[in-house]
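Me: Hi! I'd like to talk through how two chains sit against one another. Can you pull up the structure so we can go over it together?

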2 protein chains.
Amino acid sequence: MLIRPKAGILDPQGLAVERALPALGFGGVREVHVGRLIELEVADVAQLPQMCEQLLANPLIEDYEIIAPA
Amino acid sequence: MLIRPKAGILDPQGLAVERALPALGFGGVREVHVGRLIELEVADVAQLPQMCEQLLANPLIEDYEIIAPA
């Protein structure tokens, strides 16, 4: 699952990275957003949305995306 | 970029999730790993590996994967 800060919600980690990169000499960086990557094996993939809602993401401030392995 | 704990390195967030899910009634969950998702716009994608090495990932304990937008 990919967990991202919702659009319009303050993303302090993203801001920190966006400010730190130019100081290290990396220019031209914009729109930095930091979220979480959660990988797991589960018997029943139908449970995943509820897992995200109840534990893995904070639905008030985060969106989640469920990706099946290729 | 996707940042993952290296195989064999302790992943306390993954362990915490793996223990919490059964307590919430979600069974059959294994191999939970928690990493980071970093999304950004950059002028020169050739800079990305060095950004990961120097700031975004800890190369001692994490691997990174760079994914171009579809």
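Me: How many residues does each chain bring to the contact?
Reply: Chain A gives 32 residues to the contact and chain B gives 32 residues, where contact means heavy atoms within 4.5 Å. Keep in mind that this is a predicted model, in which local features need pLDDT of at least 70 and side-chain atom pairs count only at pLDDT 80 or more, while totals for chains, interfaces and linings use all residues. Residues are numbered from 1 along each chain as its sequence is written, chains are lettered from A and ligands numbered from 1 in the order in which they are written, and side-chain values use heavy atoms, with hydrogens and water left out.

Me: And what area is buried between chain B and chain A?
Reply: About 2,700 Å², with carbon and sulfur atoms giving 62% of that. Buried area is the accessible area (1.4 Å probe) that two parts lose on being put together, summed over both.

Me: Which three residues supply the most on the chain B side?
Reply: Those are B:Phe26, B:Leu37 and B:Glu41, which supply 22% of the area that chain B buries against chain A.

Me: Switching to charges: how many salt bridges cross the interface?
Reply: The rule finds 4 between chain B and chain A, and 10 over all chains. A salt bridge here is a side-chain nitrogen of Lys or Arg within 4 Å of a carboxyl oxygen of Asp or Glu.

Me: Which residue does B:Glu39 pair with?
Reply: B:Glu39 pairs with A:Arg4, and their closest N and O atoms are 2.9 Å apart. This pair runs between chains, from strand E2 of chain B to strand E1 (residues 2–5) of chain A. Helices (H or I, at least four residues) and strands (E, at least two) are DSSP runs, numbered from the N terminus. Another salt bridge joins the side chains of A:Glu41 and B:Arg30 (2.9 Å, N to O).

Me: Which element gives the largest share of chain B's side?
Reply: E2(B) does, with 14 residues of the side that touches chain A. By class, that side of chain B has 18 nonpolar, 8 polar and 6 charged residues. Ala, Val, Leu, Ile, Met, Phe, Trp, Tyr, Cys and Pro count as nonpolar, Asp, Glu, Lys and Arg as charged, and the others, Gly among them, as polar.

Me: What about helices: at what angle do H2 of chain A and H1(B) cross?
Reply: Roughly 110°, with their axes coming within 11 Å. Axes are lines fitted to C-alpha atoms, for helices over the stretch in contact, and angles run from 0 to 180 degrees between N-to-C directions. H2(A) and H1(B) are therefore roughly perpendicular; angles under 35 degrees count as roughly parallel, over 145 as roughly antiparallel, 65 to 115 as roughly perpendicular and the rest as oblique.

Me: Which residues make that contact?
Reply: A:Met51, A:Leu55 and A:Leu56 come from H2(A), and B:Val17, B:Ala20 and B:Leu21 from H1(B). The contact has 6 nonpolar, no polar and no charged residues.
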